[in-house]
Amino acid sequence: MSQTVRTRPEGSERALSEAYDTALLDLDGVVYFAGGDAIAHAADSLATARAGGMHLAYVTNNALRPPDAVAGHLTELGIPTEASDVITSAQAVARLISEQVPAGARILVIGGEGLRVALRERGLEPVDSADDEPVAVVQGYGGPDLKWSRFAEASYAIARGLPWFASNTDLTIPGVRGIAPGNGAAVQVVRIATGAEPQVAGKPLPPMHRETILRTGAERPLVVGDRLDTDIEGAFNGEVDSLLVLTGVTDGAQLLAAPPQHRPTYVDADLRGMLTGQPEVVEAGEGFRCGGWTATAGAERLELTGEGEALDGLRALCAAAWTSAGEGTCALDGGKALARLGL
């Protein structure tokens with residue numbers, strides 16, 4: 001992928017929703033907040049994209065809820081969704097397991113209903129005990145009330161030599177009251193107890209991207225997310241384009257310091273960015289210009305001159321920072337420039 005942020009589809013001034021056939025949308029921080037309420041402009045933007053012919057698919061690392069529950073939640077938010085439009089890490093890990101065990105095999109489940117539904121879909125039988133003759137262990141987020149004894153059950157089975165699979169290894173998960181331990185934290189508990197390493201399916205790893213392509217049939221997918229280390233890195237690993245929206249966890253400083261695998265193709269404020277033509281970023285002397293802003297990489301800091309839309313300034317800064325950093329991480333101070341943009 002390009003070292004500089006690309007702010008329009010190559011060879012086109014079309015909206016992203018017209019340039020790509022399928023949007024692979026993250027949920028938390030992109031479509032809705034941690035509390036479950038829709039983010040501003042999400043429902044209207046997605047409705048417009050869908051009406052224009054874009055296929056919308058919702059891709060989540062959270063393995064707790066089955067697709068029909070996620071689809072029901074989205075529909076309640078005014079975003080009509082079918083269960084087939086939802087792809088979860090539970091589905092990705094269930095496929096990964098099914099390729100390595102006999103049909104109808106028993107799988108010890110450490111997690112929630114989403115894992116059980118996904119395993120049954122692949123013809124596998126979920127069980128609850130290491131003594132139920134499972135042939136593998138799968139671990140996914142089971143909610144805040146998952147008992148400690150479930151981690152012990154996984155440890156007993158893994159100690160007997162059973163292969164271990166994890167839906168994802170996100171260390172944290174956002175909630176209404178703040179950030180809570182995610183499935184990755186639970187995986188770490190079992191890792192410490194057993195010394196084993198699981199096979200992982202979720203973003204940013206290839207099994208999750210493969211699952212989305214198999215289920216959507218996308219030919220020109222666009223990954224839309226708010227996290228650099230899952231959504232954007234997943235797009236990088238899948239060699240597809242990505243749109244970072246600034247409604248979630250990533251801020252301007254993190255974006256400027258992103259290594260190559262965390263650099264999105266496009267950056268916008270929210271999902272309205274799917275519907276607009278993207279402004280161009282061009283080289284301007286020793287720097288980069290977008291809209292009325294010009295950004296350059298100085299000896300110690302990123303410099304920004306001009307005026308205009310804040311997002312254009314951020315795009316110009318990304319181009320300057322990433323070009324300066326090359327294959328590394330930009331260490332230049334961008335704080336003053338970001339403050340000028342109010343970011």
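In this predicted model, 53% of the chain's 343 residues count as buried. Contacts reach a good way along the sequence, too: taking those between residues at least 6 apart, 69% join residues at least 24 apart. The secondary structure adds up to twelve helices and 17 strands. With a radius of gyration of 21 Å, close to the 20 Å that the globule rule gives for 343 residues, the chain is as compact as a globular protein of that length. Boxed along the principal axes, the C-alpha atoms take up roughly 70 × 45 × 35 Å.

Now for the sheets. One of them is open and parallel, with five strands in the order 5-4-6-7-10. Its edges are strand 5 and strand 10 (199–200); each has a single partner strand, so one side of each goes without a neighbour in the sheet. Further in, strand 6 and strand 7 (residues 164–166) pair in the parallel sense over three bridges, and Val137 sits opposite Trp164 of strand 7. Helix 6 (residues 148–159) packs on this sheet, where it touches strand 4, strand 6 and strand 7, and its direction makes about 145 degrees with that of strand 4.

Helix 5 belongs to the same picture, as it lies across strand 4, strand 5 and strand 6 and runs at about 165 degrees to strand 4. Within helix 5 (residues 113–121), the buried residues are Gly114, Leu115, Arg116, Ala118 and Leu119. What do these buried residues of helix 5 pack against? The list has helix 4 (89–98) along with strand 4 (106–110), strand 5 (125–127) and strand 6 (136–139). After helix 5 comes Gly123, with a positive phi near 80 degrees.

Helix 4 also has a helical partner. Helix 4 and helix 8 (residues 206–216) pack with their axes 9 Å apart, at an angle of about 100 degrees, which means that helix 4 is roughly perpendicular to helix 8. On the helix 4 side the contact involves Ser89, Gln91, Ala92 and Arg95; on the helix 8 side, Pro207, Met208, Arg210, Glu211, Leu214 and Arg215. Sorted by class, that contact comes to four nonpolar, two polar and four charged residues.

The other sheet to look at is antiparallel. It is open and has four strands, in the order 14-15-16-17. Strand 14 (281–284) and strand 17 stand at its edges, each with a single partner strand, so one side of each lacks a neighbour in the sheet. On average, and with direction ignored, neighbouring strands here are turned by 25 degrees against each other. Strand 14 is joined to strand 15 (residues 287–290) by four bridges, and the two run antiparallel; Glu283 stands opposite Phe288 of strand 15. Helix 11 (residues 310–325) packs on this sheet and touches strand 14, strand 15, strand 16 and strand 17, with its direction at about 20 degrees to that of strand 16.

At the other end of the strand order, strand 16 (residues 293–297) and strand 17 (residues 302–306) pair in the antiparallel sense over five bridges. Thr296 has Glu303 in strand 17 as its bridge partner, and a hairpin of four residues links strand 16 to strand 17.

Methods: Residues numbered from 1 in each chain as written. Predicted model: local features only at pLDDT ≥ 70, side-chain atom pairs only at ≥ 80, totals over all residues. Heavy atoms only, no water. Pairing = 2+ DSSP bridges. Buried < 20%, exposed > 50% of the residue type's maximum accessible area, 1.4 Å probe, protein only. Contact = heavy atoms within 4.5 Å. Axes fitted to C-alpha atoms, helices over the stretch in contact; angles between N-to-C directions. Parallel < 35°, antiparallel > 145°, perpendicular 65-115°, else oblique. Nonpolar A, V, L, I, M, F, W, Y, C, P; charged D, E, K, R; others polar. Rg over C-alpha atoms; globule rule 2.2 N^0.38 Å.
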